[in-house]
Amino acid sequence: MKRIAHWFMAVCFVGFLGAGLAASLLRSPQDFSFWENRMLASLPEPAPQSVGDGGYFTQLERYLADHAPLRSTLLRFKTRWDLALGRPVVNDVVVTSGSLLPFLPYMADDEQDIAHWAALMADNLADINAAVTEYGGYFCYAVVPCQSVSLADEYPWFLNSQARRSQMKAAAMAQAMAERGVPYLDVEAVLAQSGGSAQYASRVDNHYTMEGAFAAYRLILEKAAADTGLRFPILGPDGFRHEILPNEYIGSRERKLLNLERREEQLSILLPNEPVPFTRADNGVSVDPVVYRLPSGGDEAVDYSLYMGGDIARTVIDTGRDNLPSILIYGDSFTNPVECLAYLSFDETHSLDLRHYHYMGLLDYIRQFRPDIVVCIRDYDFMMATDGNGGGD
C-alpha cells in the first residue's frame, strides 16, 4: 500500500509538471509584457550545437519562465506582498515616499575605465561630426538627465544613486569631446545653474516631463543657432498653450510594480499658439499629421508613448517651408517629446531610432539627406554606450 501511494504521488507530480509544460507550450504566446516593459523570451529552436552546449535548454528555461500559466497573477501577488512588507526595493524599483526610482547596483568608479569608454564614444561621434561638416552641416551631441540623475538626492542613504559616477562620466565625456572638437551639450550641467533638473523629473518614469523636454529643446536649438548663425524660430513659453491631460498616467516604474504603488502624476502637452501645417510619414508610410497620440476619452490611461506615438524607427515631418533649415534628431525615447516641438522650427524634421531603423546606416542616411543640423539626444545612462543609437555605421 505504501509503495502504491509513493507511485501515486510520483505520477501526480509528473502529471502536474507535464500539465504546466503543456499549458506553457500550447497557450498563445505573448511577445511583450506591458507591466514589466520588456520583450518576453521567444521559443528556441533546437540545433545540434545549442543542444550539445546546453544553450538550448537555458533558452527553453527562460521561455517557460516568461510564459508560465498564471505568471502575471503570481507576479502581482509577490509584488503586493513585497510592498506590504515595506521592502525598499521591489521589482528593481526603489520605493520612496515621493518617487519610484530605478535600483542601481554598486559599481567601482574607475576613472580610467570611464575615460576609456568616453574616448570610444567620442571617436564614434567624431566620425559622425566629420560626415556632417563635410557638406557644411552642423552636428551636436546633447546629453540629458534621466530620473536617477535628477533625483539622486532622494535615494535612501543605504542605496546607491551613482551620483559620483554620473559626475565622472559627464566630466570625461566633456573632455573627450573637446579634444576632438565635437560640439557637446550637457543639459544637466546647464540646468544646474538655474534650479537644477529635479523640477523637470518624473516621479514615476525614467524620462523628463514635457517641461523638461521643452527646456532641452530650447537649449539645443539655441546652441545650434549660436554655433552656426542659421536663422530659424525657437519658440518660447509664450508660444504655447500648456494643457495637462486628466487621464491616469502609468509611468514605467509604476508598470514594473504592476500599478500597485501609485504616485500621482499627469502628462502634459504643449500646443503652439500658431499651428504649423505639416505632413508626417512613419517608416515611409503617410500617417495622420499629429505629434501627440491623444487618448479617446478621459477614462483611458496614458503612458509615455503619448509623445510621437512611442519609439518609431523613422519619422519625417515636412512643413513645406523651404526658407528654413532641416534637422535630423536621433536617439531613443528621450527624443520623442522634443520632436513634438522641434518640427515647429524647421522645414523638414527627420527622426531616427537606430535600435529599430536598419534600412541604412546613420552615416549613409546623413550623406543622402544632408540635413542642415544633426542632433543626437541621449540620457546619462547611455551617454557612453556605443551600440544602438551610439553607433555611426
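These questions and answers walk through one predicted model.

The model is predicted, so local features need pLDDT of at least 70, side-chain atom pairs count only at pLDDT 80 or more, and totals for chains, interfaces and linings use all residues. Residues are numbered from 1 along each chain as its sequence is written, and side-chain values use heavy atoms, with hydrogens and water left out.

User: What pLDDT does the chain average?
Analyst: pLDDT is the predictor's confidence in each residue, from 0 to 100. At least 70 is reached by 83% of the residues. The chain average is 89.

User: Over which residues is the pLDDT below 50?
Analyst: Where pLDDT is low, the predicted coordinates should not be read in detail. The stretch in question has 11 contacts in the model beyond near neighbours in sequence. Contact means heavy atoms within 4.5 Å. The stretch is residues 12-25.

User: What is the strand order in the open sheet of 8 strands?
Analyst: Helices (H or I, at least four residues) and strands (E, at least two) are DSSP runs, numbered from the N terminus. Two strands pair if DSSP finds at least two bridges between them. The pairing in this sheet is mixed. The order is 7-6-15-13-14-12-10-11.

User: Which strands stand at the edges of that sheet?
Analyst: An edge strand here has a single partner strand, so one side of it is left without a neighbour in the sheet. From one strand to the next, the twist averages 20 degrees. Axes are lines fitted to C-alpha atoms, for helices over the stretch in contact, and angles run from 0 to 180 degrees between N-to-C directions. The edges are strand 7 and strand 11 (285-287).

User: How many residues of strand 6 are buried?
Analyst: Buried means under 20% relative accessible area, exposed over 50%, partly exposed in between (1.4 Å probe, protein chains only). In a regular strand the side chains alternate between the two faces of the sheet. Tyr138, Cys140, Ala142 and Val144 point one way, while Phe139, Tyr141 and Val143 point the other way. Strand 6 (residues 138-144) is mostly covered, and its buried count is 7 of 7.

User: Which residue is the bridge partner of Cys140 in strand 15?
Analyst: Strand 6 runs parallel to strand 15 (residues 373-379), and 7 bridges join them. Strand 6 is also joined to strand 7 (residues 184-186), by 3 bridges and again in parallel. There, Ala142 stands opposite Leu185. In strand 15, the partner of Cys140 is Val375.

User: At about what angle does helix 5 run to strand 6?
Analyst: Helix 5 lies across strand 6, strand 13 (327-331) and strand 15. Its angle to strand 6 is about 145 degrees.

User: Which helix gives the most to the largest nonpolar core?
Analyst: A nonpolar core is a set of buried Ala, Val, Leu, Ile, Met, Phe, Trp, Tyr and Cys residues joined through side-chain atoms within 4.5 Å. The largest has 96 residues, and Leu125, Phe139, Tyr141, Met173, Tyr292, Tyr330 and Ile377 touch the most other members. The top helix gives 10 residues and is helix 9 (residues 210-228).

User: Which residue in strand 5 is the bridge partner of Val95?
Analyst: Strands 3, 4 and 5 form an open sheet in the order 3-4-5, with antiparallel pairing. Strand 4 (residues 93-95) is joined to strand 5 by 3 bridges. Strand 3 (89-90) and strand 5 (100-102) are the edge strands. The partner of Val95 is Leu100.

User: Why does the Arg164 and Asp109 pair tie together separate parts of the chain?
Analyst: A salt bridge is a side-chain nitrogen of Lys or Arg within 4 Å of a carboxyl oxygen of Asp or Glu. Arg164 and Asp109 meet in one, at 3.3 Å, N to O. Arg164 is exposed at 52% relative accessible area, and Asp109 is partly exposed at 31%. Arg164 lies in helix 7 (residues 163-180) and Asp109 in the loop between strand 5 and helix 5 (111-134), so the parts joined are 55 residues apart in sequence.

User: Which residue forms a salt bridge with Glu254?
Analyst: Glu254 is buried, with a relative accessible area of 0%. Its partner is partly exposed at 25%. That partner also forms a salt bridge with Glu248, at 3.6 Å between the closest N and O atoms. For Glu254 the closest N and O atoms are 3.0 Å apart, and the partner is Arg262.
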